[in-house]
Each structure stands twice: as structure tokens, then as C-alpha cells.
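User: Please go through this structure with me and give the grounds for each term you use.

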Amino acid sequence: MAGITSFGGYIPKLRLQRASIADAHKWADPGAAGKGKGERSMCNWDEDAITMGVEAVRDCLNSGGVKPEAVYFASTTLPFQERQNAGIISTALSLGEDLSVLDVTSSQRAGTSALLQALAAVKGEQLDNVMVVASDHRRSKSASPQEFTFGDGAAAVQVGNKGALLEFLGSHSITVDFVDHFRGAGEDFDYQWEERWVRDEGYQKIVPPAIAKALEKTGIKADDVNHFVMPATIGRAVQGIVKKSGLTNAAICDTLHQHCGETGAAHPLVMLLNLLEAGAKAGEIVMLAGFGQGCDVLLFKVTDEISNSRQGNGISGSLANRREETNYQKFLVFNDLVTLEKGMRAEKDSKTALTVLYRKRDMLLGLIGGKCTQCGTAQFPRQDICVNPQCHESHCLEPYSFVEEAGQIQSWSADYLTYTMNPPSHYGMIVFDNGGRFMSDFTDVEVGEIDVGTRIKMVFRIKEFDQNRGFIRYFWKGVPV
Amino acid sequence: MAAGIKDKVAILGMGCSKFGERWEAGAEELIVEAYEEAVQDAGIDTSQLDAAWFSTAMENVNVGKGGIALSTALRLPNIAVTRVENFCASGSEAFRGAVYAVASGACDIALALGVEKLKDTGYGGLPAAEQGTLNPLWAATGSAPGNFAQLASAYGAKHGVNKEDLKRALARISVKSHANGAKNPKAHLQKVITEEQALNSPMIAEPLGLFDCCGVSDGAAAAIVTTPEIAKSLGKKDIVTIKALQLSLSNGSEAAYNAWDGSYFHTTRIAAQKAYKEAGIDKPRDQVSMFECHDCFSITEMVTMEDLYLSPEGTVVNDVMDGFYDADGPIPCQIDGGLKCFGHPIGASGIRMLYEMYLQIQGRAGDRQLSNPSIGMTHNLGGSPVSNVASVCIIGAG
């Protein structure tokens, strides 16, 4: 029985208040004030589709997920046009090298399309389980409508044949070159067409036939669908589809517009997770739809396993872990939407030696240190000779992951001198409970929030941008628990 | 057991340039300025030098790599010049090379000269140091003040010193150094400051404000060393000799092993223990006349006073507030203004510290002359608390 066996989600902690966006633009756009309600999720400067994807997969693995045979990564904001983005996620989480990976992109339905491919692979018994992760960090022009409606986030679902929480019943896909928006190669921003046309000629005419065929294939009646998971930022678009398709209004799921915004290719899965976390019941029918140059419609049945599912932070946990951001200027800086004077200290060249990155990939992407087989000391980095002054044995360290190690701050500072996109730069010594320590950057921290003894966990983040070459360095940072 | 360096090498002459924002001078001019004073003080001719050790740290904004810059600036007689670099302790490394060369008998007379031209970067503060290819890929993105500032959080937590008392003691340290620097015509910063000014200066790296940080300066310093016998044969009186010269380097245990608590310098304690033993000092608080420590930041000076075993552990705040290290206190510290006010041209600093101790022992320190000091100590540190190079040198009369 193919289906979704576990899930995990991640929404960045920062929530830009839409009132702050509206305040910034109302001088030019009197209508902006009307959009200034609620909040949208917003990546910290060091977050992108990959880092959010890592956190979502990690949450999935910590919620009953198992090491997958394949990772399918869906995003329309892949940090690398050429370098397997899914491979960065799998290396960061030490998923091993016997792994098939795939980046799925170019459409807002990339998340549901990746899920369909995973289900097909599992159903066809080519693979036993696949990790599907969808993540988007969409950029929008300042003062654009999208600035209000977009959000940043990620969701991961594991697909397998055993122990499904959601049994896959069937699907139907339609492909039409309906260009509601596009982003040409090398362009920074989407170009949108009129919303009313998108609603009337797009959503209303493309989605209902797909729903009808999916229902027909699975033998499910429209009014038996308990939950209709379909993102749309255009007013009444979903309601129109429901009406045309014979679905019930009660089935319409929360788009999370008020608390999160639309997270692009991730959003169908983000909404699905939010539904599951809210307590979908065994036997209920879930319809999941992704729209973009056509439509994917998938039908699932909630199984008895749902009551046994282990839940991590998920979407609801991430949404609860929030910090209100009222500084619109910070949003512009974090999204590289203003030309910022960074000072001469930011001029240093950050060329990455790819040979070093490869040689030390388990350390630099996977936070793998060592544990001494002689004295048991955990240490980072892993070197040939044990760091314990009472040991110093040679060639005795075996790989040891610090990803899930908890620790606390021994010393710290908030540094206004060193260049960072979010000053002051917080960093300090983390001492891990089970041994090992290192000086680490801290992130998602505001002035006055940390001190000696603050409990810390590690998260995968952007370390540095190489603006000269378009490269991104990733590493792990500490965040207060 | 090695016999050590005590009494084997004498300082024949020393020189030091004016430190500061030397917009008009390049490294080559600073080298000549320091050397001319040293060679005149030594009473020798350049042709009598057997070898030279040359320290610079930031070669990218200075004179580039290698020893050629020194050889060329001074038109040395094609002798060996070794360029050394060991972070901010580079000056002490150059001195160690020259002293060991003389002690070994390989050289009769050797030169140690350090220079740094930092004010060609276009911005305040130190330029970022090159870290190699691996470290930048994972090491915390920090600066010198942020790295040293962490001593404060760890020291406060360990000894139960609240943030206000700690900040006040740090201010007191800077006030003292400014008072001393005001009497030094070669110092970069020659103005006195008040405790209130120090407390209210702009924040650089929590809890260090602007006045907790040393000056970033251009400058050069030089020492010419020889054996005591040769010094006497050259007519030198009031000879100053090396009593101890120790260097200790971190091996990664502070950074990666859970023993060090972050509140002190592991290496400084080891270098100090070895130096006192080499010099025959068993009660440093009673026997050391004065010292220059590596006060790159006020908190560095504060914990170093304990690491040098001058203040018992956990008590330095009281000593600082009681004026123990003031110019008129029992052990004057930074009598020349220190890194804080004399300035910190990195490659020169270790030798600059020795310059002041040398002048003081010879009674040539002008307005800031102390009363009959006999033992002077320098502490020169490079790196950061978590991983560093600590040098302790003791010199004395006779």
C-alpha cells in the first residue's frame, strides 16, 4: 500500500508584519493599507530553499522517517542552477551515498509533481521509500502584490509501501501552457498577468476537469472528500473550483495566508502537513492539488496509522515558534532588494577551494566530527590525533555526528565590528553535553537573548555568499532552544 | 633538562619609531626610523650585524612576504634575514630568533626588527587575517574584539562578577593606560580619558566598547643583541640581559576539548610558569618590578594579570580597582601606555614592549621613569583566547 509514511515541516522564525509592508508603501499606493493584515514568514539572511529543506527533512526523520533510497527536492528557487541541490540536503543529513536524487523545478506544482513521481516509484516497487521535500524562498519586487502574499517555508513527506499514514488512492494530472506568471532564465523576479484572468481562465477551467478525472479514476465521490488541500492567493479561486467540482465548502483547507503566506512549490505540502497535524481522522479522504501550467490532483485516504504517527515540530510547531518582524528595511536587506553599503570589511574574497569542500564534505556539510575509540572523547573537527590531552592516540577517531547533539553556551559576544547582514554578529563557544565543543556562529538571535548557559541546538544555514562567483557556503550554526 | 637562556644574551641597543597613524611613512621608513635609534644606541656599525630576524604579520597590507624588505630598507650587508610571523606575537618571535642565534654562538651580533603598516587598509580596526582554505568554511565569523570579549562572559560567570563591576574594572584598566600613554611622546594615543568616557564609549563587541580596544597603529621597533662579554668589550655599562624567553602555543584542546572554561589563557599560564622557572623567580608578585602585557583589549589585560600569577585567581578586579597596576602602584603595568595607547603595529609590538622595559631598567624613560626597576616582563599574545601563541620574556639588570 503506497502512501505517505511520515512528514516534517519548517517555517522560518521571522514573521514580517504585513502592516509594516503596507506602511512602507502607502505613500505611493493608498490601497496598500488594505493588504496590511496578518503576517508572512520570512527567511533570515542565512536561510534559503536548501537550508529550509534540510530542516524539513530532519523534522521528518525525527518524526518516524527512515533513511530513504531517494530524495526528490522540489523548488522554484533552487540556490544552484547547476549542482545537485538535493545532494546538498542529503549530504547535510548524512543520508549516505547509495542514494538516487532529483531536483524538480520550474513550476508551482513542482512539489505535487515530485510527490507523484515518488509515489509512482514506490507503487511500481522500484524503490521502497523516497523522501520528497519541497521548499521555496521566493523573491518579489518591493511594493509588488506578491510581497504581501508570499511566504517562505518547506515541507517533507516520506513515501513508502509500509505503514502509510495516508494511503495513495490515485491521481490525475493535466498539463497546459497557461502562463499566469513566468521567470526567464537569469531573471530575479516573476512577471505576472492579471489576476482575474488567472482565476477565470486558469484555476476555474483547468482544475475542475483534473478533479473530475481523479475522482473518476479512484471511484471517490466529490462530496466524500473531507479535505481539499489547494493553495491559491487569488480571492475566491478555491471556492469557485469547489463549487464547480461538487466538493463541499467544509472541505476547503486553510491556506495559512494569515500566519505564513504562500510558500510556492512547498505550499500544497505545507498545507497538507498543517491538516494532518490538526488531526485528520482515519478513514477521511484528502484531495491534494498543485497548480502551475496545468494541475496535479492526488487523492489519499487517512489510515489508522495516523494515530501512531510521531510528530516533530512540523508546520504548526514552526508557526508557533515565531518572532514578529516589523522592520521592513530588514526584509529588503535579507532578500538583497536594496544596494547596501557593506563597508570595506565585506570586500574580502570568499573563494571556496572546491577540493577542500569535497575532502571535508562530511565535516562541512554534515557536521560530522569524531569520537575516539580509545578514550571515548567526542570532538570536532575530526583529526588524526585525539584532542584529549590524556589520550593523544593516533588514527583512532571514528565519525561522529553533532547534528542532534545538544549543548550550552560557555562564552559569547555580540560583535558590531565584523560584517554580517544582521548585526551584531553573535557567536561563542558551544559545549556539547556528550562531549565536544567548538566556536560557532549563532543565528535567529536578537540582542540580549543569549548568555552563558543558554541551551543550544544546531541548524544548517548559509555561512557565506561568494558574490564574485555565485557560490554559497553552507555550515551549521547554533540557535537557542 | 635544558639550561635555558638566563644571562647568556644582552641587549646592546634598542630603537622604536613613533607609533600612530603615520600617513606620511611606509613600512620602509618606519624600519629605518627604529633601526637608526637602535644601531646608534648599540654603538655599532651595520656591517657588524651577523644575521637578522624580521617580524611582520599582515603582509598583504605591509611589505609582502620574505625578508627582502628589511634587507633592502637597511641595505644590509647580504646577511641572513629570516622573516617570522606568529600572529600578534610575531615581534617576540623575531627577538627569540636573534637571541637564540647569539646564545648558540652562531652569531656575535644579531638584529630583531618588527614593523607593521596597518593604516593603508582604508578602514579602522585590523584587517581580516588570512585563515587558509579550510577554516573560513566553518570557523565562526568573528573579529578580534568579539573573540576576546568572550573572556568577559566566561570570567564573570566563573567568578560571580556581575556585568557592571566587570565593565567598571575594564574601564579602570583603560583609564590607567591612557594616563600612562599621555606621558609617552612616541605613543599613538596621548590623551587622558575618564572612567565615564570609557564606560560610555560606543559598543564594539559586547561588553567591549571603543575604549576597551587598543589602537591600530603603524610603527616599528628594533633590538640588537649580543653576548654580555661582547657588550662589555664594546664599552657598554648597565647591561640588560635576558632572564627568560618562553613561548607556548595552543594545541587545540581549548578549542575542542571540554576542560578549559574560557575565562583565562591556558598558554599564558604555561609560558609564565616556564619563564619564572628559567629566570629563577618564585614569587612573581614580589619580584617582578613592572610589566607590559598584551592588552589588545582591556579584558585581555585583566585576565592576563592572573595568568601571569601576579593577582591570585578571581581577585584581579580588586587589584585593578585598588590601583595595584597603576604607575604609582606596586607593579606598574603598561607604563608606556601599552598596546592600548602606545599602539599596536602587530609585528613590532613584542619588541616595543621590551623597548620600554629596557629603557626603564636603564633609567632612560623620561617623565614616566619608575623608581629603580630591576626586573621587567613582557607578555605578547597572538591569536584569540581559544587558540593562541603566548610569549613571556623577562629581562633584568646585570
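Analyst: The answers below cover a sheet, the contact between two chains and the division of one chain.

Analyst: This is a predicted model, in which local features need pLDDT of at least 70 and side-chain atom pairs count only at pLDDT 80 or more, while totals for chains, interfaces and linings use all residues. Residues are numbered from 1 along each chain as its sequence is written, and chains are lettered from A and ligands numbered from 1 in the order in which they are written.

User: What makes S3 and S14 of chain A edge strands?

Analyst: Strands are DSSP runs of E with at least two residues, helices are runs of H or I with at least four, and both are numbered from the N terminus. Two strands pair if DSSP finds at least two bridges between them. The open sheet in chain A has the order S3-S2-S14, with mixed pairing. Strand S3 (39–42) and strand S14 (323–325) of chain A each pair on one side only, so they are the edge strands.

User: How do you know that S2 and S3 of chain A are paired?

Analyst: Four bridges join S2(A) (residues 14–17) to S3(A), and the two run antiparallel. The definition asks for at least two bridges, so S2(A) and S3(A) count as a pair. One of the bridge partners is A:Ser41 in S3(A), opposite A:Arg15.

User: Which helix packs on this sheet, and at what angle to S2(A)?

Analyst: Helix H1 (residues 18–25) of chain A packs on the sheet, touching S2 and S3 of chain A, and its direction makes about 45° with that of S2(A). Axes are lines fitted to C-alpha atoms, for helices over the stretch in contact, and angles run from 0 to 180 degrees between N-to-C directions.

User: How many residues of chains A and B are in contact?

Analyst: Contact means that the C-beta atoms of two residues, placed from the backbone, lie within 7 Å. By that test, 33 residues of chain B are in contact with 40 residues of chain A. On the side of chain B that touches chain A, helix H4(B) (144–159) supplies at least two residues; its seven are the largest share.

User: Why is chain A said to have two domains?

Analyst: The bounds come from an automatic or database domain assignment, which divides chain A into domain 1 (3–334) and domain 2 (406–480). Their centres, taken over C-alpha atoms, are separated by 29 Å. 14 residues of domain 1 of chain A are in contact with 10 residues of domain 2 of chain A. On the domain 1 side, the largest share, three residues, comes from H2(A).
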